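Welcome to a short tour of a protein model. Have a look at the sequence and the 3D view, and then we will walk through them together.

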Amino acid sequence: MGEGIPGLTSAYTVLFTAALIFLAILLVFCLIRAIIGPRVADRLVAVNMMGTIVMVIIAILTLMLQEGYLADICLIYAMISFLAVIVLTKVYMGVYLEKKEMACQASAKLAGTADGAEAESMVSDTAGEEKSNGNV
């Protein structure tokens with residue numbers, strides 16, 4: 001990269017180093033967002049963003065160090081990061097729907113509903129409405 005033009009290699013090195021420093025700062029901000037939340041959805045988005053930033057860092061290092069095997073590592077990391085976010089989202093949705101079901105059953109018991117089928121239908125109705133509204 002830039003062997004024919006003198007000084008171009010050092011310019012690329014400065015550019016890549018600046019990009020790596022900027023991405024490292026963004027990675028710290030995403031880590032802070034993943035820690036403080038306040039919601040689980042914020043944490044999931046922050047973890048996904050951190051995975052994306054790490055992939056970009058690996059890609060820049062591939063160009064900077066001229067090591068082709070790092071591109072393979074970047075692709076493998078992308079697949080693992082994608083699967084991790086999908087699994088975390090599934091776990092979060094299961095916990096969220098379970099809490100919602102417990103809350104509806106508790107409110108039904110407080111209201112004097114003796115039939116559990118009505119409470120379950122309320123849970124499925126509210127879960128369907130929230131999925132269609134995008135509130136999950």
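Helices and strands are here runs assigned by DSSP, with at least four residues for a helix and at least two for a strand, and they are numbered from the N terminus. Keep in mind as you read that this is a predicted model.

## The overall picture

How many helices and strands are there in the protein? There are four helices and zero strands. Read from the N terminus on, the elements run α-α-α-α.

The protein has 136 residues, and buried ones make up 19% of them. About 9400 Å² of the protein is exposed, with carbon and sulfur atoms supplying 71% of that area. Taking contacts between residues at least 6 apart in sequence, 48% join residues at least 24 apart.

## Helix H1 and the loop after it

Helix H1 covers residues 8-36, and Ile-21 is found there. Ile-21 also belongs to a nonpolar patch on the surface, together with Ile-25, Val-28, Phe-29, Leu-31, Ile-32, Ile-35 and Ile-36. Together, these residues have about 770 Å² of accessible area.

Moving along the chain, you reach Pro-38, which lies in the loop between H1 and H2. The peptide bond that joins Gly-37 and Pro-38 is cis, with omega at about 10°.

Which side chains meet in a salt bridge? Those of Asp-42 and Arg-39 do, with 3.5 Å from N to O. A search of the whole structure finds one salt bridge. Is Arg-39 buried or exposed? Its relative accessibility is 55%, so Arg-39 counts as exposed, because the cut-off for exposed is over 50%.

## Helices H2 and H3 side by side

Helix H2 spans residues 40-65, and helix H3 spans residues 69-111. The axes of H2 and H3 come within 9 Å and cross at roughly 175°. That angle makes H2 roughly antiparallel to H3, because angles over 145 degrees count as roughly antiparallel.

Many residues make this contact. On the H2 side they include Val-40, Leu-44, Val-47, Gly-51, Met-55, Ile-58 and Leu-65. On the H3 side, Leu-70, Cys-74, Tyr-77, Ala-78, Val-85, Leu-88 and Tyr-92 are among them.

Three of the residues named above are worth a look in turn. The cut-off to remember is that buried means under 20% relative accessible area.

Leu-44 has its place in H2. With a relative accessibility of 14%, Leu-44 counts as buried. Leaving aside neighbours within four places in sequence, Leu-44 is in contact with Leu-88, Thr-89 and Tyr-92.

Met-55 is also in helix H2. Its relative accessible area is 18%, so Met-55 is buried. If residues up to four places away in sequence are not counted, Met-55 touches Cys-74, Tyr-77 and Ala-78.

Leu-70 sits in helix H3. This residue is buried, with a relative accessible area of 14%. What does Leu-70 touch, not counting residues up to four places away in sequence? The answer is Ile-58, Leu-61, Thr-62 and Leu-65.

For each of these residues, the table gives a partner, how far apart the pair is along the chain, and the separation of their C-alpha atoms.

| Pair | Apart along the chain | C-alpha separation |
|---|---|---|
| Leu-44 and Ile-86 | 42 residues | 9.6 Å |
| Met-55 and Tyr-77 | 22 residues | 7.0 Å |
| Leu-70 and Ile-60 | 10 residues | 9.5 Å |

Tyr-77 appears both in the table, as the partner of Met-55, and among the residues that Met-55 touches.

## The loop between H2 and H3

One stop remains. Where is Gln-66? Its place is in the loop between H2 and H3. Phi of Gln-66 is near 55°, a positive value in a residue other than glycine. Gln-66 has 53% relative accessibility and therefore counts as exposed.

How values were computed:
Residues are numbered from 1 along each chain as its sequence is written. This is a predicted model: local features need pLDDT of at least 70, side-chain atom pairs count only at pLDDT 80 or more; totals for chains, interfaces and linings use all residues. Side-chain values use heavy atoms; hydrogens and water are left out. Patches are made of residues with over 30% relative accessible area and no salt bridge: like charges are joined within 9 Å, nonpolar side chains (Val, Leu, Ile, Met, Phe, Trp, Tyr) within 5 Å. Accessible areas come from the Shrake-Rupley method with a 1.4 Å probe; for residues, only the protein chains shown count as cover. A salt bridge is a side-chain nitrogen of Lys or Arg within 4 Å of a carboxyl oxygen of Asp or Glu. Buried means under 20% relative accessible area, exposed over 50%, partly exposed in between (1.4 Å probe, protein chains only). Contact means heavy atoms within 4.5 Å. Axes are lines fitted to C-alpha atoms, for helices over the stretch in contact, and angles run from 0 to 180 degrees between N-to-C directions. Angles under 35 degrees count as roughly parallel, over 145 as roughly antiparallel, 65 to 115 as roughly perpendicular and the rest as oblique.
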